[in-house]
Structure formats: structure tokens, C-alpha cells
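Here's a quick briefing for anyone opening this structure for the first time. Have a look at the chains and the DNA before reading on.

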There are 4 protein chains.
Amino acid sequence: MKKSEKTKQKILTVTINLIAKRGYASTSTREIAEQADVSEATIFKYYKSKDKLLKTIVIQTMEKLFKSSSEKKLSEIINKNKSKNPEIILKTLLEERFNFFDEHKNELKVIFQEMLINKKVQNYFKEEIWSKMVKISDGLFKQIKNKCTLKEEIDGYMFRKTLFGMIFFTILFENILEDNINLDSNKQATLISNIIFDGISF
Amino acid sequence: MKKSEKTKQKILTVTINLIAKRGYASTSTREIAEQADVSEATIFKYYKSKDKLLKTIVIQTMEKLFKSSSEKKLSEIINKNKSKNPEIILKTLLEERFNFFDEHKNELKVIFQEMLINKKVQNYFKEEIWSKMVKISDGLFKQIKNKCTLKEEIDGYMFRKTLFGMIFFTILFENILEDNINLDSNKQATLISNIIFDGISF
Amino acid sequence: MKKSEKTKQKILTVTINLIAKRGYASTSTREIAEQADVSEATIFKYYKSKDKLLKTIVIQTMEKLFKSSSEKKLSEIINKNKSKNPEIILKTLLEERFNFFDEHKNELKVIFQEMLINKKVQNYFKEEIWSKMVKISDGLFKQIKNKCTLKEEIDGYMFRKTLFGMIFFTILFENILEDNINLDSNKQATLISNIIFDGISF
Amino acid sequence: MKKSEKTKQKILTVTINLIAKRGYASTSTREIAEQADVSEATIFKYYKSKDKLLKTIVIQTMEKLFKSSSEKKLSEIINKNKSKNPEIILKTLLEERFNFFDEHKNELKVIFQEMLINKKVQNYFKEEIWSKMVKISDGLFKQIKNKCTLKEEIDGYMFRKTLFGMIFFTILFENILEDNINLDSNKQATLISNIIFDGISF
DNA sequence: CATGAATGAGCTTTCATTCAT
DNA sequence: AATGAATGAAAGCTCATTCAT
């Protein structure tokens, strides 16, 4: 990597960690500069404004969420397992995603935090990410419907809510509220898909 | 209400709405003053500092969450229905809570937003609120265990995660991500307790 | 004393003590109100403005410095002892003054502190007080000249400087810089007039 | 001098003059910025806080008072003249000091003003400066004792009081109270040491 | 007689940003 | 490729002061 590329990346990493910890508005460019060991001027050289620095983080992360390897992997998983039990598909999908989440926890925190108060990030997420998540979730839901008899009141929306509720909770609040959690991605995925398919009771 | 009490309350209301919309750090006392139609000096007269203004909101809301009527109602519901199906208990609890959430959506947003970045709020919530939520949820979980045969991997923690994942999602993200949702508290409660008990499939 | 008179006096006393400790600019009307156990409004009712409150203190103290009993006492002392050794006159004068200073240390501190930065107080002091002090000191100096042979370079100005240098130092800095000083007014007066007349050596 | 060094120095100079004139609490950073022809932000860039700006002035001046050239000069004077009349030593010391005082009148005013109300400055001055002044003054007093017969009541403390009383008076009040004083350092030193040794009378 | 309620103006301080070097 | 030097604008907060009650 070129030196300038390295510097750019360092700024990005530091910023992600700081925003994840303190929030965007409470993270000053001075602090970023100090921790990234560059001058404030350098930050503005590379990213024009604090806002564009955030934008870069948000967009980069969102792109990663569904890009290249990521997107392919997901559709591969769905296609490969078409014939199989949808519970297994869900479990496999979740496992792949949880691995991603683990690696990008701070970036995702930044996005979710900002989404709560930043209209642009809201729209961007809704259009670029949520729409895809809805699509995948709906696809899965259809497959399930084909194989199982569902309660009539349960629709795609409630399916999403259960699924993404747990995911968002895991990313945002679990570390804060729960002590001593040591579930690997596989275990997490198994338990969640289990609950979704059968509830907690037999 | 005395005039001063009115002013204090107005400041509080305006602040809650502003912080829910923009976040704490991005809400200036100047803006609060303008919208509450008082001078900045008045805000500081009543609340000493911006930080204490936030603290007041957080504590007041947390107290409401489990105080007096609230706490009694919850234990009443649990006691009254001891003999009944735990699914019904859960449903009744949820319905009561969703009514509360609807009335206090912005205050809750303030708390959850701050919890993501503010250590004090994190600890306060964990000790004062989350511990009680865990207790209730565990109590319920035990009742369920007594009446139904549960999968062995499912424990109180996964139960919480499902339940509160959906609740947090509803409060924080639903309005942003989902269009045209028109579920009343009763409907919400029914669907969620349904899913938790039976999953989405028969 | 009437109640209102009592309140007025309490405000004055508190203010003097506070200003002596912190300085005028660093003493807030809020603090005065708190310590005097009245509302800020009450202060402004009696003294119109913070500035006039200071003015009251300054003028009252200055008046005390040379008024009534005070002024009479001084000229009495001078007249009574005209025939005596000027050293004794000086000693007697000083003793009387040191007793006054002890009783009004804080008020005097307020005046001297303010004199360093406040043009009005400077002029007021110069015209109302210093001029009288110069007159007395000059009178004394003349008496001394009549009885003793003075070095030719020593004039009224140097006499003043020695005398009031020690006095000002005593009022302003002695407490701060010197530990364990336990000289009563009589002792102080004796030593100072001693030094002035004979220097420190025989 | 580098540009930044120049700016820093300018801020310092302006601040000293302003505080000497108005007092610390009545000097706003706004005013300093205007007179130093920089922005307020620049002041805080270099000095972190208004308090630290004052601290810089106080410490720098105190260091100057006894550092390098200064301290050496003083002990040189004392050593060189050991055999001579202590009156001459005192005179020489005073002359050297009065030259310093003339050059640093405003800085010294700042220190003395602050000393009246600021505990930290009080302690700092007492420990760093006054202790040394006492030492020098005591050393001199001993020399005098060896050569002259002193009145028994006169001790080091009264010696200090006379000496530093006049010095403090000169720095703080003379300009304010006395008109048309045109004594150079040499003259001042001569007169003061004269008075101290012989009083005003033969 | 006294104060509760309110504030405009000003304070110190921090922020994101610029630009010459 | 990077930064030292500087800043306008805005932040949180305090102050002396007013006035209706």
C-alpha cells in the first residue's frame, strides 16, 4: 500500500472506532487527528469535510454489506440450498452474516447510530441496504411458506422484525447489557433460526 | 400547575423531542431555548447544565418505566394470570408495555440513543432497568418451562434476545425503515407472543 | 435597628468579606445573595447596582477613616503632644490607626485592591484620603524638622513612603506572606516609629 | 524569532498590560484578542485556558525575578562587597532591583494584584519568591548586625517589613498616588538604604 | 418588604475548516 | 505528501439586572 493510502486508511479506522464509542457529533477532528497521528489539515486534505468522512465510512460499509464476495455468497447460499430445508438455509445465511458482523461491528455501530438521527443515512440505508434485506428475507419467507403451513397472521413484516430485531440487538446492545456471552457465529445462527422456526417451545 | 413548573416542563418536552430527532450532542441549548420560547439563561436556571438536563430526562423516563402504576401493573398481570397459559401472560404484558412505549416513544429514543455512547446511561440502564427486565423475563421463562417442553438449547438469554430485540427494533428503527405500519398494541402483542411460542410455522 | 436596616447591613458585610477574599470582579451578586440569605432582587432594591454597592463600601470606609471620632482623635493627639518628642506623637498616632486597621482590615483590603485597577476609586482615594494623609504626615515631618537635624535628602515624600509603605504592607501582604505574627498595635507602633527615627542601627 | 513565537509573545505582552490595568477577572479574552490582533481561538491554541495564560505570566515573571543573570547578580553583589559597609551592599542591591522593577512593572503588578485574591499565586509566590527574598534579607541583616550595634527589638522581620514595604509601595501605589516623581534607581536606592540605616534623623 | 421568574449581553472555550508553505 | 498557523462561528454557561407580584 502507498504511504498516502496508508494514512487515509488509518484516519478511517481511527474515526470508525471513535464514532462507535462516542458518536459522530461528539467526535472532534482534533481527536481523530491525535489518535491517527496526523495533523487535522491532513484529514481535510483527504476527506474534504467531517461530513464527507462520515459519508465515506457509511457508504464503504454499506457497500461491503452486499458487495462482491458478500452478495455472491448470499445468493450462492440461497441457490445451492434451494432444495433443502429452509431452516438450514436461514441458519447458513445467518452464520455467514454473523461472521461479517463480528469483523465489522464498529462500522455497523456507526451506521446504526447515525441512522437514528441522520436523514441522509436513513434514506441511504433504506434504499441501498434495507430494500435488499427485505428482498432476501421475503424470498426466504416465500420458500418457507411453500414448505410449511404458516399461521395466517404471520407475514413477511413480522418475519423481518423477529429476524432483524435479534440481529440489531446483537450488534448494538448485547455487549452493553449482557455479560459473559460466548456464542460463536454458528451457535448464534443455529439458535436464532431454531427460534424462528419453532418458537421456544416444541 | 405553577408558572415555573410549566416552564420547566416545556423545556423538558422540547428537549426530548429535539434530542430524539437530532441526538443529544447535535442539539444546542440555543435551539432548545428558541423552541421552548424561553431564554437560554432560563434553561440553565432550572437544569444547571446541559448534561443535567439530559440526566433529568433519562432518570425521569427510567423511573416511569417501572414505577408506581407501571410496576404494579406488571406484577398484577403476572400474578392474576399465574394459572393461565403463559402465552396469554406474555401477550397481556406486551400489550400493556406497547401502550406505554407509544406514549413515550421519544423519551425512550433518547435513552436508547444515549445508551449507545454514554457510559453513565449504560450503567444506569443496566442496573436500574435491564436488571428488572431480566427478572421479569426470567420469571416468565420459568413459568413457560413448567408448562411446556422446551428445546434444551433455548435459555433465558435467547428468550430475552428474541423478545427485547423485537421491542427495541420497534421503538428505534421501525418508523424509519418500514412504511405504512398500522398495528395497534393489541395486534403487536399477539403477533410477538405468537412467534415466540410457536415460531412462525406450525 | 429596623429589619430593613439589618438586611442592608448584612448585605454590606457579606459583600466586604467576599470582595476582600475574591476581588470585586470575581464576586457575583448571586454569591452575595446566597451568603447574605436574601434574594438577588433584594440587593438591587437597596443598592441599585453592583457598582453602587462597591461605591457604598468604598465611601463608607473612607469616611470612617477620617471622620468624626477618627479625625478628631488624630488632631487631638497631634495637638496634645505638640510639645513632646515627635517620635512619641508618631507612635501614638500609629497605635490609634493600627487599632482602626485591625477592626476594618477587610474593608481596607477592598479599597486597596480596587485602587489598583479602578480609576474612580483611585481619584476618590487620592483626593479624599491621601491628601489628608499627606497633610498629617507633612505636619509631623515639619515638627520633626524643627526638633532634629535631618539629612538633607530626606523630604516629606520619603517620609511618607517609609511610613505608608509599612502600613500598606501590613494591611495587604503581611497575613499572606508572614507566619506567626503576633504583634499588638502598641508594639507595631513602637517598632515602626523607632525605625523611622533611628533606622535599624544606633 | 519564529512567527508563532512572535504571536505567542504578543499575546503575552498585551495580556500583561491589560491585566495590570484592569485586573485579571475584568480582562476578557475578547479584548486580549482584539488588542493583540489575533483571534480568540489563537489565544486558546497557545495557552489552553485563560487561567493558564495567567499562570504563564506569573511563573515566567517569578522565574525572571531570581533566575540566571538575576540571581547571579544578586549573590555577586553580596559577595563582592562582603568587606564593605552593609549600607553600600544594600544600596547596590536595591539599585539593581529597581532597574529590574522598572522594566517589569506591569508583570509585577499582575503578580501582586493576583496575590491578593488567588491562593495558588499566594502559595507560589511565598514558596518560590518570598522565601528567597527572606533569605537574602536575613543574610544582609546578619552582616549589619556584625558591624553595627542594633536596637534589640529590631529583628529580621521588621527589617523586611521596612524594606519590602517601601518596595511594594513603589511598585503598586506610587504611580497612582504621587505626582511628579522623578527619582532614578540610583537615587531611590540611596535614599532607602539611608533611611533604613539611620532613620530619617541623624 | 421581599422575591420568584426571567433575560440580554457577555463570557470562556471548542469546533470544523482554510491556506501558505 | 503533510502540516503549522490561524480563524469565524457557534457552543455551553454566567452575569448583573428588571419587574410583576
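What rotation superposes chain C on chain D? A turn of 180° does it, with 0.0 Å of shift along the axis and an RMSD of 0.1 Å. Keep in mind that this is a predicted model. The notes below start with how the protein copies pair up, then move on to the DNA strands E and F.

**How the copies are related**

- In chain C and chain D the same surface serves both copies, with 100% of chain C's contact residues turning up again in chain D.
- Chain B goes onto chain A in a like manner: the turn is 180°, the shift along the axis is 0.0 Å and the RMSD is 0.1 Å.
- So these two copies are related as by a two-fold rotation axis.
- Chains A and B meet through the same surface, because 100% of the interface residues of chain B are interface residues in chain A too.

**Where chain B meets chain A**

- On each side of this interface the contact involves 57 residues: 57 of chain B and 57 of chain A.
- About 5400 Å² is buried between the two chains, and carbon and sulfur atoms give 70% of that.
- Six salt bridges are counted between chain B and chain A.
- One of the salt bridges joins Arg160(B) to Glu178(A), where the closest N and O atoms are 2.7 Å apart.
- There are also 14 residue pairs in polar contact between the two chains, both residues being at pLDDT 80 or more.
- On chain B's side, at least two residues each come from α1 (3-22), α7 (105-115), α8 (119-147), α9 (156-177) and α10 (185-198).
- Of these, α9(B) gives the most, with 17 residues.
- Sorted by class, chain B's side has 33 nonpolar, twelve polar and twelve charged residues.

**Around DNA strand E**

- Strand E is surrounded by 36 residues, and the closest are Lys50(A), Tyr46(B), Thr42(C), Tyr46(C) and Lys50(D).
- By class, that surface has ten nonpolar, 15 polar and eleven charged residues.
- Of the strand E atoms within 4 Å of the protein, 63% belong to sugar or phosphate, and bases make up the rest.
- Tyr46(B) has a side-chain N or O atom 2.5 Å from a phosphate oxygen of strand E.
- Arg30(A) also has a side-chain N or O atom by a phosphate oxygen of strand E, at 2.7 Å.
- Lys45(B) goes for a base instead: one of its polar side-chain atoms lies 3.5 Å from a base nitrogen of strand E.
- Elements supplying at least two residues each to this surface include α2 (29-36) and α3 (40-47) of chain A, and α1 (3-22) and α3 (40-47) of chain C.

**Around DNA strand F**

- Strand F has 37 residues around it, with Thr42(A), Tyr46(A), Lys50(B), Lys50(C) and Tyr46(D) coming nearest.
- Those residues divide into ten nonpolar, 16 polar and eleven charged.
- Sugar or phosphate accounts for 63% of the strand F atoms within 4 Å of the protein, and the rest belong to bases.
- Backbone atoms take part here: Thr29(B) has a backbone N or O atom 2.7 Å from a phosphate oxygen of strand F.
- Thr29(C) likewise puts a backbone N or O atom 2.7 Å from a phosphate oxygen of strand F.
- Lys50(C) has a polar backbone atom 2.6 Å from a phosphate oxygen of strand F.
- Among the elements giving two or more residues to this surface are α2 (29-36) and α3 of chain B, and α1 (3-22) and α3 of chain D.

Notes:
Residues numbered from 1 in each chain as written. Chains lettered and ligands numbered in written order. Heavy atoms only, no water. Contact = heavy atoms within 4.5 Å. Buried area = accessible area lost by both parts, 1.4 Å probe. Salt bridge = Lys/Arg side-chain N within 4 Å of Asp/Glu carboxyl O. Polar contact = N/O pair within 3.5 Å; in protein donor to acceptor, adjacent residues only side chain to side chain. Helix = DSSP H or I, 4+ residues; strand = E, 2+ residues; numbered from the N terminus. Nonpolar A, V, L, I, M, F, W, Y, C, P; charged D, E, K, R; others polar. Near = heavy atom within 4 Å. Least-squares fit on C-alpha atoms with pLDDT ≥ 70 in both.
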